[in-house]
Amino acid sequence: MLPYHSAEQVHAALPWPTLVSALRDAFAAGATVPRRHAHALSERDSLLLMPAWSDDALGVKVVTVMPDSRAARTVQALYILLDRHTGEPRAVLDGEALTVRRTAATSVLAASYLARDDASDLLVIGTGTLAPYMVRAYCAMRPAITRVRLWGRTPARAVALASALASEGLPVRACPDEPHALHNALAASHIVCAATTSRTPIVEGAWLSSGTHVDLVGGFTPAMREADDDTVCASRIVVDSYDGALSEAGDLVDPLARGTIPRAQVVAELRELVAGTIPGRTDPSQITLFKSVGLALEDLAAATLVCGA
C-alpha cells in the first residue's frame, strides 16, 4: 500500500532547524520548477498544480481552492512524491501541513540574510492557518526574538491565537483593540510578517522604522496586496523566485506595471542569497522586503525529508 503521511506525521518529521537546513541546501542545488499551473474550475473554484524535479526526486502538489465548499476546509492539498528514475509513486503527504511548514521555514531562511541579527521584536499580521507557524518558526530559529505582537482584523481571533501560542511558552501578545494599534506595532517592530490574503495593503511604509525587515507571505495572485507603495519603494526587495513573484505577486506586479518601482529594485531571488552571489542586507538602517508566492522546490525538499529519500 502506498504510504500516507498525515499532517501530524509531516509536522513531526520537519523540525525547524532540520527543515531550514534542507531548504538552504535545496536552493543551493536547484531543481526544475515550472511555473505553477492554475486552472479555473468555475468562476470561484480553482485547481493548482505545482510540480518540481531534480536528479534525485520528483513530486507534485495538487491544490483545490473552493471558497463556497461545504467541506471543513475550502483549500485542500495533497503532495505526491514519485521515484525520479522509475516514475513509481512513493508516498502521499498532507499538503497543507507541508505548505505551512515549508513556507515558514523559507521565510526564516530569507530572514537570516535580510533581517538584522539583533532583531528582537516580531509583528505577525493575520490569524489564519499560516500565522501560528510563522510565529513558531521565527521564535525557534531566532532566539533574539523576545516579543511577538499579533494583529488581525478580528480582534477576538487575534486574542485567542495569541493565548494559544503563549500557552506553548512563546512570547506572544495580541495587539490591543484600539485605534492606531497596528500603526504603533509597525513602528516598533524589527521584523514584520504579513500572512493574509488581503486585496488592500495592510503594511504601510510610512509607519516602518529604519532597519525593519518585511516578510510578505500571504498574497499569491496579482490581485492581492499586503504592503503599500511606500513600503515597496523604500525596500531592498528579494523574492523566492523571479518567475513566480514577478508574474503572481500583486505586491510587485502592480507597482512594477505602474512604473512606481523599477525592475532593478528587485535585487535578488533567494537562491542568489544562498549562493552568496548577491548580498542580502547591506546596511543596518536599510528596510528589506522578502516576497514569496510559494515555490515547488520547497515542497519537494520538505517531502523528500519527510520520506527519508
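Start by selecting the buried residues of α9: the elements that cover them include β11, α7 (229-234), β12 (235-239), α8 (242-248), β13 (266-269) and β14 (287-291). Cover here is judged by contact, meaning heavy atoms within 4.5 Å. Helices (H or I, at least four residues) and strands (E, at least two) are DSSP runs, numbered from the N terminus.

Before going further, two notes on conventions. This is a predicted model, in which local features need pLDDT of at least 70, side-chain atom pairs count only at pLDDT 80 or more, and totals for chains, interfaces and linings use all residues. Residues are numbered from 1 along each chain as its sequence is written, and side-chain values use heavy atoms, with hydrogens and water left out.

**Stop 1: helix α9**

Select residues 250-257, which make up α9. The buried residues in this helix are Gly250, Asp251, Leu252 and Pro255. Buried means under 20% relative accessible area, exposed over 50%, and partly exposed in between (1.4 Å probe, protein chains only). After α9 comes Gly259, with a positive phi near 75°.

**Stop 2: the whole chain**

Zoom out and colour by secondary structure. The chain has eleven helices and 14 strands. Along the principal axes, its C-alpha trace spans about 55 × 40 × 40 Å. For 309 residues a compact globule would have a radius of gyration near 19 Å, and the chain agrees, with 19 Å. That radius is taken over C-alpha atoms, and the globule rule is 2.2 Å times the number of residues to the power 0.38.

Next, colour by burial: 52% of the 309 residues count as buried. Of the contacts between residues at least 6 apart in sequence, 69% join residues at least 24 apart. The accessible surface comes to about 13300 Å², with 54% of that area belonging to carbon and sulfur atoms. Areas come from the Shrake-Rupley method with a 1.4 Å probe; for residues, only the protein chains shown count as cover.

Now show the charged side chains. There are 27 positive and 33 negative ones, and the centres of the two sets lie 2 Å apart. Lys and Arg count as positive and Asp and Glu as negative, while His and the chain ends are not counted. The charge is placed at NZ of Lys, CZ of Arg, CG of Asp or CD of Glu.

**Stop 3: the six-stranded sheet**

Strands of a sheet pair through backbone hydrogen bonds, either parallel or antiparallel. Select β1 to β6: these six strands form an open sheet with mixed pairing, in the order β1-β6-β5-β4-β3-β2. At the edges are β1 (4-5) and β2, each of which pairs on one side only. Two strands pair if DSSP finds at least two bridges between them.

Select residues 37-40 (β2) and 46-53 (β3), which pair in the antiparallel sense over four bridges. Five residues form the hairpin connection from β2 to β3. To check the register, pick His39, whose bridge partner in β3 is Leu47, then Ala40, whose partner is Ser46.

Continue from β3 to β4 (residues 57-65), where the pairing is antiparallel over eight bridges. This hairpin has three joining residues. Leu49 stands opposite Val62 in β4.

**Stop 4: strand β10 and its neighbours**

Select residues 191-194, strand β10. Both of its faces are covered: Ile191 and Cys193 are buried on one side, Val192 and Ala194 on the other.

Add β7 (residues 121-125), which runs parallel to β10 and is joined to it by four bridges. Leu122 has Ile191 as its bridge partner in β10. Then add β11 (residues 213-216), paired with β10 in the parallel sense over four bridges. Here the partner of Ala194 is Leu216.

**Stop 5: three single residues**

Pick Arg149 in strand β8 (residues 147-151). Arg149 is buried, at 15% relative accessible area. Leaving out residues up to four places away in sequence, Arg149 touches Asp121, Leu122, Leu123, Val124, Arg173, Cys175, Ala185, Ala188 and Ser189.

Move to Pro155 in helix α5 (residues 155-166). Pro155 is partly exposed, with 32% relative accessibility. Draw a distance to Thr127: the two C-alpha atoms are separated by 9.4 Å, with the residues 28 apart along the chain.

End at His180, in the loop between β9 (172-174) and α6 (181-188). His180 is not a glycine, yet its phi is positive, about 70°. Its relative accessible area is 52%, so His180 is exposed.
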